[in-house]
Amino acid sequence: MLRLAIQKSGRLSEDSLNLIRECGISFLAASNKLKTEATNFPLEILYLRDDDIPGYVQDGVADLGIVGQNVLVEAGFPELEVEGLGFSKCRLSLAVPRAAAYDSIHSLQGVSIATSYPKILGDYLAGQGVQAHLHTISGSVEIAPSIGLAEAICDIVSSGSTLLGNGLREVETVFRSEAVLIANQNLNAEKKELLEQLMFRMQAVRRARRNKYIILNAPVAALDAVKQLLPGIKSPTITPLAEEGWVSVQSVVNEDDFWHITSQLKAVGAEGILVLPIEKMIS
Ligand code: PRT
Ligand code: ZN
């Protein structure tokens, strides 16, 4: 039985649960929301504050966890990371009041900076040869300059609207983060095997999310041009249509390239283009 710790309620909770569900693992809703057991995989889910997850996994109270890299590195256990999960992407950035003079990181020499990430920020500043006064606060970091607590801040940014709304200007990216799967480093053979199975499923789900299945009809004369646009996993599947001189082509395209490729396919003569989501994609 594996114990997986996820965030109880917050930005990571829903995406963590969705990933587990898409791996085909079902579980009953927890009555007390502290833990639940899966019904079709040897997995128990613990619901915790995100800040507690790295320590619980390090100590072996949980075998696995899903947490932001920012929290993991700040907790001092980067070695627990197994793989990135591609959601909750954000950055830890330095920001100063809009009107403040700022030329380079050296403008922060001797300045007071409010943050909830003293370790990551301290390491970053040391690497840049800058000495600043760090004020560690646990929340509402963005208001620190306006209440006179600090001259600059270092906080998590995603869209940037919180900084904007508080009259702040983002000046340096200190750290880039996403949700990661973490694991205790002394798992026994049985748990390691279960972790392998879980990772195999997670990878299949993530690959599927990044790709689409595409089916289209094309005149035989346009086939070479269509094949150029659709590399597929190996190569596209081509079957003749009942109508002479036409074929049906099936392939997989990356979601990022999808709009670009479909417009080019139309331009070379493809018709009846269907695009379908992929549920799982095993390499
Ligand atoms: O209660 P618990 O301790 O479990 O949760 P929490 O309040 O500490 O964390 P939570 O749920 O806010 O965030 C969990 C994780 O989500 C973080 O550790 C990051 O890895 C990730 N994440 C992604 C973010 C954001 N995006 C984000 N935008 N975490 C926080 N923010 C906050 C940020 O602190 C700032 O206040 O959102 C604001 C900035 O957002 P924008 O869009 O205005 O730039
Ligand atoms: Zn937290």
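**Buried residues, cores and a zinc site in a three-domain chain**

Val180 is buried, with a relative accessible area of 0%. This residue belongs to strand 11. The model described here is predicted. Beyond its neighbours up to four places away in sequence, Val180 touches Gly65, Ile66, Val67, Gln69, Leu72, Glu81, Glu83, Gly84 and Leu85. Thr36 lies 144 residues from Val180 along the chain, and 21 Å separate the C-alpha atoms of the two.

The protein chain is divided into three parts: domain 1 (2-87 + 179-187), domain 2 (90-177) and domain 3 (211-277). The centres of domain 1 and domain 2, taken over C-alpha atoms, are 29 Å apart. Seven residues from domain 1 and nine residues from domain 2 take part in the contact.

The largest nonpolar core has 31 residues. Leu94, Ile105, Leu108, Ile113, Val174 and Ile182 have the most contacts inside this core. Eight elements are not equal in their share, but each of the following gives two or more residues: strand 3 (43-48), helix 2 (53-59), helix 3 (69-75), strand 6 (90-97), helix 4 (118-128), strand 9 (152-157), strand 10 (168-177) and strand 11 (179-183). Helix 4 supplies the largest share, four residues. At least three residues of the core come from each of domain 1 and domain 2. Leu94 has a long list of partners once residues up to four places away in sequence are set aside. Leu94 touches Ile105, Leu108, Ile113, Leu121, Tyr124, Ile153, Cys154, Arg169, Glu170, Val171, Glu172 and Val174. A second, separate core has 29 residues. Among them are Ile20, Cys23, Leu43 and Leu85.

The zinc ion (ligand 2) is coordinated by Asp50 and Asp51 through OD atoms. The distances are 2.0 to 2.1 Å. The arrangement is irregular, because the four donor atoms around the zinc ion (ligand 2) subtend angles of 76 to 173°. Asp50 is buried, at a relative accessible area of 17%. Asp51 is partly exposed, at 44%.

Val71 touches both of these aspartates. Its other contacts, leaving out residues up to four places away in sequence, are Pro54 and Tyr117. Val71 lies in helix 3. With a relative accessible area of 10%, Val71 is buried. Val71 and Asp51 are 20 residues apart along the chain, and their C-alpha atoms are separated by 6.3 Å.

Helix 8 spans residues 258-267, and its residues Phe258, Ile261, Thr262 and Leu265 are buried. These four cover an arc of only 100° around the axis, so they sit on the same side of helix 8. In an α-helix there are 3.6 residues a turn, so residues three or four places apart point the same way. The face turned away from the buried side of helix 8 carries the exposed residues Trp259, His260 and Ala267. The buried residues of helix 8 pack against strand 12 (211-219), helix 7 (223-229), strand 14 (246-254) and strand 15 (271-277).

Thr262 of helix 8 counts as buried at 10% relative accessibility. Apart from neighbours within four places in sequence, Thr262 is in contact with Ile214, Ile273 and Val275. Gly269 follows helix 8, and its phi is positive, near 115°.

Positive phi values also occur outside glycine. Most residues other than glycine have a negative phi. Ser88 has a positive phi, near 55°. Ser88 is placed in the loop between strand 5 (81-84) and strand 6. This serine counts as partly exposed, at 25% relative accessibility. Ser140 has a positive phi too, near 50°. The loop between strand 8 (133-136) and strand 9 holds Ser140. At 46% relative accessibility, Ser140 counts as partly exposed.

Methods:
Residues numbered from 1 in each chain as written. Chains lettered and ligands numbered in written order. Predicted model: local features only at pLDDT ≥ 70, side-chain atom pairs only at ≥ 80, totals over all residues. Heavy atoms only, no water. Donors = N, O, S within 2.8 Å, 3.2 Å for Na, K, Ca; no water. Tetrahedral: all angles 85-135°; square planar, octahedral: opposite > 155°, others 65-115°. Buried < 20%, exposed > 50% of the residue type's maximum accessible area, 1.4 Å probe, protein only. Core = buried A, V, L, I, M, F, W, Y, C linked by side-chain atoms within 4.5 Å. Domains from an automatic or database assignment. Contact = heavy atoms within 4.5 Å. Arc of directions from axis to C-beta.
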